[in-house]
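I opened a structure that was new to me and kept notes as I went. Here is the page I started from.

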Amino acid sequence: MEADIIYELLRRVLLVPILLAVALVGACGPSEPLRIARLQLGKSLNPDNSVGTHSTRFKPDDTVYVSLLSDDPGYGTVTVRWLLNGQVVSEAKRDVSYTRAAATEFHLQNSGGFPHGSYRVEILINGQPAGNREFRVEP
């Protein structure tokens, strides 16, 4: 009988802090969908994943970077589509969850060099269009 009382007391004393910790951890994540404040395109990245050298003109052997900057916490699936003359040449997806402002980087590179032409990068958040940028690859 006394062992049952001690067991029940210990169970309640330990269970409450565990449930509280689980509730707090769940509340720490973002509660709103990700929103893009700025979209950057360029030739290099800063340490925080924002674009370092902005450009819309690239050489065939350049790496093209796009950075999505968000000012607020948010979560979602980011899809980036790279197109050449309207045809998809690459697509990447990433699930993100930020508790503060952040930059999400994607890049396109081609070891054999990019064909010259007009390109476009399209950004989707949770399947919905969220922005785009056009650029050119020239000799």
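My entries below go from strands to rings to single residues.

**Entry 1: the model.** I noted before anything else that this is a predicted model.

**Entry 2: the open sheet.** I looked up the strand order. The open sheet has 4 strands, in the order S2-S1-S4-S7, and the pairing is antiparallel. Which strands stand at the edges? They are S2 (51-54) and S7 (102-108). Each has a single partner strand, so one side of each lacks a neighbour in the sheet. I also looked up the twist: neighbouring strands here are turned by 45° against each other on average, direction ignored.

I then checked how S2 is held. Strand S1 (residues 38-45) pairs with S2 in the antiparallel sense, over 3 bridges. Within this region I found Ser 44 opposite Thr 53 in S2. As a reminder to myself, strands of a sheet pair through backbone hydrogen bonds, either parallel or antiparallel.

**Entry 3: a hairpin.** I moved on to S5 (residues 74-84) and S6 (residues 87-98). How many bridges join S5 to S6? I read 11, and the two strands run antiparallel. One partnership I looked up is that of Leu 83, whose bridge partner in S6 is Val 88. The hairpin has 2 residues between its strands. Asn 85 takes a positive phi there, near 50°.

**Entry 4: other positive phi values.** Most residues other than glycine have a negative phi. I therefore noted two further asparagines, citing that general rule. Asn 49 is not a glycine, yet its phi is positive, about 75°. I located Asn 49 in the loop between S1 and S2. Asn 49 is partly exposed, at a relative accessible area of 30%. Asn 126 also has a positive phi, about 50°, without being a glycine. Asn 126 lies in the loop between strand S8 (117-125) and S9. With 41% relative accessibility, Asn 126 counts as partly exposed.

**Entry 5: aromatic pairs.** I searched the whole structure and got 4 aromatic pairs. One of them is Phe 58 with Phe 135, an edge-to-face pair. Their centres are 5.4 Å apart, with 80° between the planes. Where do the two rings sit in the chain? Phe 58 is in strand S3 (residues 57-58) and Phe 135 in strand S9 (residues 128-137). They are 77 residues apart, so the pair links distant parts of the chain. Phe 58 and Phe 135 are both buried.

Why is the pair of Phe 114 and Tyr 119 edge-to-face? The planes stand at 75°, with centres 6.0 Å apart, so the pair earns that label. Are these two buried or exposed? Phe 114 is buried, at a relative accessible area of 7%. Tyr 119 is buried too, with 4% relative accessibility.

I then traced the links between rings. Ring pairs join Phe 58, Trp 82, Phe 114, Tyr 119 and Phe 135 into a cluster.

**Entry 6: a charge over a ring.** I looked up Arg 94 next. Its charged end sits over the ring of Phe 106, 4.1 Å from the ring centre.

**Entry 7: Thr 63.** I ended in the loop between S3 and strand S4 (64-70), where Thr 63 is found. Thr 63 is buried, with a relative accessible area of 18%. The cut-off for buried is under 20%, so Thr 63 falls within it. What does Thr 63 touch, leaving out residues up to four places away in sequence? I listed Gly 42, Lys 43, Phe 58, His 107, Leu 108 and Gln 109.

Definitions and conventions
Residues numbered from 1 in each chain as written. Predicted model: local features only at pLDDT ≥ 70, side-chain atom pairs only at ≥ 80, totals over all residues. Heavy atoms only, no water. Pairing = 2+ DSSP bridges. Axes fitted to C-alpha atoms, helices over the stretch in contact; angles between N-to-C directions. Phe/Tyr/Trp six-rings, centres within 6.5 Å; stacked < 30°, edge-to-face > 60°. Buried < 20%, exposed > 50% of the residue type's maximum accessible area, 1.4 Å probe, protein only. Lys NZ or Arg CZ within 6 Å of the ring centre and 35° of its normal. Contact = heavy atoms within 4.5 Å.
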